[in-house]
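I am opening a fresh page for this structure. My plan is to look up contacts, cores, a pocket and ring pairs, in that order.

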Amino acid sequence: MTLTTENILLIGSILLLISIIAGKTSYKFGVPTLVLFLAIGMLAGSDGIGDIHFDDPSVAQLIGVVSLNFILFSGGLDTNWNAVKPILKEGIALSTLGVLLTALCVGGFVFYITDFTIYESLLLGAIVSSTDAAAVFSILRSKNLDLKNNLKPTLELESGSNDPMAYVLTIAFLGLVVNENLSVYSMIPLFLQQMILGAIAGYIFGRLSKMIINEISLDFEGLYPVLVIALMFITFSATNFIGGNGFLAIYICAVYLGNQYLIHKNTILRMFDGLAWLMQIVLFLTLGLLVFPTQVLPLMGIGLIISLFLMFVARPVSVFISLIPFKMKMRRRFYISWVGLKGAVPIVFATYPLLAGIEKANVIFNIVFFISLTSILIQGTTLSLVAKWLKVALPEQTKKKNPAESLAFEHPKAIMLEIGIDNHSIAVGRKIVDLEFPKTAIIAMIKRDDKYITPNGSSIIEANDQLVVLSDSQNGIDEVYARLK
């Protein structure tokens, strides 16, 4: 079946619905949802029962870049700076030196066991060198896996910030494959330009975005997420235009915004969380449609060898070398080595050789697809098991946070206070809207009889309630306290 304007919405919506339903039940069988999204796309493709013919790497790349914008931006918004700050150096080491060492190790191994040229081998190594943000964010969070000693923020910081390095290496080695007269040293200026300009642009756009979001007055709350989407794409495209790395810029911009006070921040966060999931599904479905299983099967042998080398040699070696300057227990290093998940990002990067038209582009694409698939299947399904085996997972009883604690974690910059309401309070029996609180403070939750209630303006306060109040200033908290007492 060929995709046309008439049937693309119907087919797309059906595939999306099937993916959501399949994802809901997948973890009962221990299968990551990302694998199911890929599988559904493959089944719907030319070699599957759906017979949908899709063979356009340029469209797949466009969908991939747009999707990665949302995934990285959402991950940045959810990043707690207070949790990341203590492990910032470790995260940067893993996302730069670790990625480079992984690319070199895999490239050298591929050159040794195949007929690839050295530059083609390094190109393949660069494509699979980063830890995939979509895979890490979705699997860690959907499994509700909490880890000891800042391991989780370390992994999320690495996966969110290492795609730019892999992108630079991919573009650089692709340039060397296309033009073998270029020197390896030509990568250095490109790397410095991309990283420095990307980091500076991300911070500047973060500050500008905060100012625009808080100062502009929109008539509808639902327009604020739309405004942030526009700012996200401006950050990405403007950074690329000046020669910086757009992926790094949007991640830094999002981390900055996620740790600042923003108008309608909850609405923005919820919207981006949903959009990130939508983009993951769309991205994996698209890449599943793009691949032809009949072309992958002949390469399974070499693909499995490279994949196992990446998991058990290249990734551990790069992690251990990168973390030499830091004090860290061996079991933490081993676990970081194991969470080197590959996913959609390497497959998206593998479309660049296809569009460049190099000789072994199809072989590289299919090997990369197989590596990503085996990584999600093997590493993604064993994250919890390996965490317990290495004793880096928090016990179940210590992982649970009550809603008030979760609220404080989600709003690190806000001041939170729990105020008890006694029988003599003037607030008893009155609606929240009638109390005329200052605009800088809200009642975020009401604890009543060991239950947490999300209130609205018409909610009536009762005696013995515990009110969870959030404000961006101590003055706001003081004014609320005075009105309630």
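**Entry 1: around F73.** I note at the start that this is a predicted model. I began with F73 and skipped its neighbours within four places in sequence. The contacts that remain are V228, M232, I250, C253, A254, L257 and F272.

**Entry 2: the cores.** Next I asked which residues have the most contacts inside the largest nonpolar core. They are F73 and F272, in a core of 96 residues. So F73 and F272, which I had just listed as being in contact, also lead the contact count inside this core. I then checked which helix supplies the largest share of the core. Helix 13, residues 265-290, gives that share, with 12 residues. There is also a second, separate core. I count 23 residues for this second core, among them A135, L383, V386 and V392.

**Entry 3: a pocket.** I turned to the second largest pocket. Its volume is about 590 Å³. I find 23 residues lining this pocket. Which of them are closest to its centre? My list reads W81, L88, I92, L248 and I252. Several helices give two or more residues to the lining. They are helix 4 (81-84), helix 5 (88-113), helix 8 (151-161), helix 9 (163-178), helix 10 (187-215) and helix 12 (246-258). I sorted the lining by residue type and got 15 nonpolar, seven polar and one charged.

**Entry 4: ring pairs.** I searched the whole structure for aromatic pairs and found 12. I looked up Y167 and F349 among them. Their ring centres are 5.9 Å apart and their planes stand at 55°, so I log the pair as tilted. Where do the two rings sit? Y167 lies in helix 9, and F349 lies in helix 17, residues 344-349. The pair therefore ties together parts that are 182 residues apart in sequence. Are these two residues buried or exposed? Y167 is buried, at 18% relative accessible area. F349 is buried too, at 1%.

**Entry 5: another pair.** F312 and W338 also form a tilted aromatic pair. I read 5.6 Å centre to centre and 50° between the planes. F312 belongs to helix 15 (residues 300-322) and W338 to helix 16 (residues 330-338), so this pair ties together parts 26 residues apart in sequence. W338 has 13% relative accessibility and counts as buried.

**Entry 6: a cluster.** My last lookup was which residues make up one aromatic cluster with Y167. The members are Y167, F236, F247, F349 and Y352.

Conventions:
Residues numbered from 1 in each chain as written. Predicted model: local features only at pLDDT ≥ 70, side-chain atom pairs only at ≥ 80, totals over all residues. Heavy atoms only, no water. Core = buried A, V, L, I, M, F, W, Y, C linked by side-chain atoms within 4.5 Å. Buried < 20%, exposed > 50% of the residue type's maximum accessible area, 1.4 Å probe, protein only. Helix = DSSP H or I, 4+ residues; strand = E, 2+ residues; numbered from the N terminus. Contact = heavy atoms within 4.5 Å. 1 Å grid on protein atoms, 1.4 Å probe; cavity = no way out; pocket = protein on both sides within 12 Å on 5 of 7 lines; lining within 4 Å. Points joined across faces, edges and corners; volume = space filled by probe spheres on them. Nonpolar A, V, L, I, M, F, W, Y, C, P; charged D, E, K, R; others polar. Phe/Tyr/Trp six-rings, centres within 6.5 Å; stacked < 30°, edge-to-face > 60°.
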